[in-house]
Amino acid sequence: MMWLGILTFPQLESAGFGFFWVVMGLFVGSFLNVCIHRFPVEGASVWSPARSHCPGCDRQLEWRENLPVLSWLLQRGRCLGCAAPIHWRYPLVELIGAAAFYLSWRAAASLGWGFLLLDSIVLAALVVATFVDFERYEIPDQVSIGGMWAAPVVSFVMPGLHSSGLVAVALAAGEAVDGVASVSECFAGMALGGGVLYGLGWIGKRVSGADAMGFGDVKLMAAGGGLVGVVGTFQALQVAVFAGSLVGVLNILRWYLVVRARQRRRRLPNRGRPQALRTARVLGRYLPFGPYLALGIGIVLLDWKDVLDLLPFGLG
Ligand SMILES: [Zn+2]
């Protein structure tokens, strides 16, 4: 009866399944490239045309040109037909897809299929939001609004998601968290996440007069909040603010060095420094915030204790 073994449910925690899941992640990464490319385009569908074309020669790609990472490496980053360069973003996103699936597997394989799929899909969606936001300063509604619809449904079906949530535990009153308590936690997280970002945007606009926070960020954090609950939202926001500020300061420093180098070439004396700093602050002002929200949501979802323990307001 040994052969029956292959018919039984795969052991999610086995290294063999982990390897399979990472390879899945590579192919999902290919699909994420399509989403990143087509989501922001009005009226475009990710399903049709189903096969990719080369934008250079408009030729439909063969299967061997669609192998994640491998095709790009074998073709040395060029189209086989017209030799047009293929952006390194494509293999990078495929590798990130594999990494996302690996991290989800490590965090959730022991929790069963539900959590493994949830973590993998949510991380994949966050990767799409991150790349689109970096490129176009917007977060696709497919991710943010889609997530706002999905969060309550998932919370209801998988009450374990909020088994230690503040609101859920209070409502369950000693019993195990059920669907209703779980959905309540979800809505509380959505309200907190969306509300805090909306408030920050409102204050930012009062202070600087410009739109400091896009509505896409509000919707993304509402969706994320619904998945990670009240405490998780609070933690995710801390990660986002810290990471976003750090990158913001480094970005201004980068512009400062660029402006100073230009001033030196024009032999401007040292009094150019304050002016360089002013210019750098203006040039470095526009940074997307979505990627850092995505980072925070991802870290909380995967329950990365090493990072969460560092937060000043842990609540963990
Ligand atoms: Zn081509």
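What distance separates the centres of domain 1 and domain 2, taken over C-alpha atoms? In this predicted model, the two centres lie 24 Å apart, and I would like to use that value as the way into the rest of the chain.

Let me first set out the division itself, in which domain 1 covers residues 14–136 and domain 2 covers residues 140–316. Where the two touch, domain 1 contributes 17 residues to the contact, and domain 2 likewise contributes 17 residues. On the domain 1 side, the elements that supply two or more residues are α3, spanning 89–108, and α4, spanning 113–136. Of these, α4 provides the largest share of that side, with 13 residues. If we sort the side of domain 1 that touches domain 2 by residue class, we count 13 nonpolar residues, together with 2 polar and 2 charged ones.

Now to the chain as a whole, starting with its secondary structure. The chain contains 11 helices and 0 strands, so that reading along the sequence gives the pattern α-α-α-α-α-α-α-α-α-α-α. As for overall dimensions, the C-alpha trace spans about 80 × 60 × 40 Å along its principal axes.

Two further values concern burial and contacts. Of the 316 residues in the chain, 34% are buried. Among contacts in the chain with a separation of 6 or more, 67% are between residues 24 or more positions apart.

To return to the opening point, the domain centres are separated by 24 Å, and on the domain 1 side of the contact the largest share comes from α4.

Terms used
Residues numbered from 1 in each chain as written. Predicted model: local features only at pLDDT ≥ 70, side-chain atom pairs only at ≥ 80, totals over all residues. Domains from an automatic or database assignment. Contact = placed C-beta atoms within 7 Å. Helix = DSSP H or I, 4+ residues; strand = E, 2+ residues; numbered from the N terminus. Nonpolar A, V, L, I, M, F, W, Y, C, P; charged D, E, K, R; others polar. Buried ≥ 20, exposed ≤ 12 C-beta atoms within 10 Å, placed from the backbone.
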